Amino acid sequence: MDRKSFVVALDGPAASGKGTLGRLIADHYGFAYLDTGSLYRGVARRLLDAGADPGDEAAAARAAKEFSLDQIDGRDIRTREVGAAASKVAAMPSVRAALLDFQRRFAANPPGGARGAVLDGRDIGTVVCPEADVKFFVVASPEVRARRRWLELRAARPSLTEREVFEDLAERDARDAARADAPMTRAEDAELLDTTHLTIEAAFAAARRVIDGVFQRCEG
Ligand code: CDP
């Protein structure tokens, strides 16, 4: 009996719907879920809290090596400043290297004895888990992504405009796609899931069809 963990990789640009989808998939199949963006955001948050420059690679690499998820318990890592700083530290090879093992261990040995794991990020299907059982590249138009993220952020910051969010996302996506180390890119074997015109339920149903198909092939 094959006891290998079943891995679902979800990659794609900022605010494309990966997080919502990832949690739904994990709940539905009883898998563990890891938002890998929270690792980069966590490192960025630590640097900002310490008054360090997020562009300082030595400081960022130290923070990444010492990083654990409990450090961000209760901390707000979803702000636009943290998002921008996260994408800067994420371009540093030493930071990525320091966070890689944790992600791979999570996928191979999901916590709580779960029989599978869902990881969302930018390089899961290409670098972290190239052998993932199912891969999705989740996209949506820049306008729709900006609107979704603006709706999320504006409660905490009512003066924020949709235009500012649009520009933040465009800047982050460009940096994430252009970096030399593990750039955001669609793995050749990733299913493209465009959520521009899909409700969450419809996107989830589309993902389930793909995953169930792979399950059937595994069992058959
Ligand atoms: O939630 P959102 O889509 O805005 O971004 P996130 O997933 O929280 O990721 C924040 C930043 O971390 C991204 O802009 C990337 O620069 C970086 N990241 C990465 O480089 N690789 C990953 N696997 C996940 C995130």
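**Figure 1. The ligand and the residues around it.** In this predicted model, 19 residues surround the ligand. Arg-41, Arg-96, Arg-149, Arg-172 and Asp-176 are the closest of them. Sort that shell by class and you get 10 charged residues, four polar ones and five nonpolar ones.

**Figure 2. Polar contacts to the ligand.** Here we zoom in on three side chains. Arg-172 has a side-chain N or O atom 2.7 Å from an oxygen atom of the ligand. Thr-36 works with a nitrogen atom of the ligand instead: an N or O atom in the Thr-36 side chain sits 2.9 Å from that nitrogen. For Arg-122, the distance from a polar side-chain atom to an oxygen atom of the ligand is 3.1 Å. As for overall cover, the ligand on its own would expose 530 Å², and the protein buries 97% of that.

**Figure 3. The ligand's place in the fold.** The ligand takes up the space of the largest pocket. Three helices each put two or more residues into the shell around the ligand: α2 (37–49), α4 (80–89) and α8 (162–178). The top contributor is α2, which supplies three residues of that shell.

**Figure 4. The largest pocket, seen as a space.** This view shows the pocket itself, with a volume of about 710 Å³. Its lining is made up of 39 residues, and those closest to the pocket centre are Lys-18, Gly-19, Arg-78, Asp-120 and Arg-149. Arg-149 also turns up among the residues closest to the ligand. By class, the pocket lining holds 15 charged, 12 polar and 12 nonpolar residues.

**Figure 5. Helices and strands that line the largest pocket.** Which elements give two or more residues to this lining? They are the helices α1 (18–29), α2, α4, α7 (142–153), α8 and α9 (200–219), plus the strands β2 (32–35) and β3 (116–121). With five residues, α1 gives the most to the pocket lining. Around the ligand, by contrast, the most comes from α2.

**Figure 6. A cavity in the model.** Now for another spot: the count of cavities of 30 Å³ or more comes to one. The largest cavity has a volume of about 30 Å³. Its lining consists of Asp-11, Gly-125, Thr-126, Lys-135, Phe-136, Phe-137, Thr-185, Arg-186, Ala-187 and Ala-190. By class, these lining residues split into four nonpolar, three polar and three charged.

**Figure 7. Elements around the cavity.** Helix α6 (124–128) and strand β4 (134–139) each bring at least two residues to the cavity lining. Which element gives the most to that lining? That would be β4, with three residues. Lys-135, Phe-136 and Phe-137 are among the residues lining the cavity, and β4 spans 134–139. Gly-125 and Thr-126 line the cavity too, and α6 covers 124–128.

Key:
Residues are numbered from 1 along each chain as its sequence is written. This is a predicted model: local features need pLDDT of at least 70, side-chain atom pairs count only at pLDDT 80 or more; totals for chains, interfaces and linings use all residues. Side-chain values use heavy atoms; hydrogens and water are left out. A residue is near a molecule or strand if one of its heavy atoms lies within 4 Å of it. A polar contact is a pair of N or O atoms within 3.5 Å; within protein, one must be able to donate a hydrogen and the other to accept it, and residues adjacent in sequence count only if both atoms are side-chain atoms. Accessible areas come from the Shrake-Rupley method with a 1.4 Å probe; for residues, only the protein chains shown count as cover. On a 1 Å grid over the protein atoms alone, a cavity is a set of points where a 1.4 Å probe fits but cannot get out, and a pocket is an open set with protein on both sides within 12 Å along at least five of seven lines; lining residues have an atom within 4 Å of a point. A molecule sits in a cavity or pocket if more than half of its atoms lie within 2 Å of its grid points. Helices (H or I, at least four residues) and strands (E, at least two) are DSSP runs, numbered from the N terminus. Ala, Val, Leu, Ile, Met, Phe, Trp, Tyr, Cys and Pro count as nonpolar, Asp, Glu, Lys and Arg as charged, and the others, Gly among them, as polar. Grid points are joined across faces, edges and corners, and a volume is the space filled by probe spheres set on the points.
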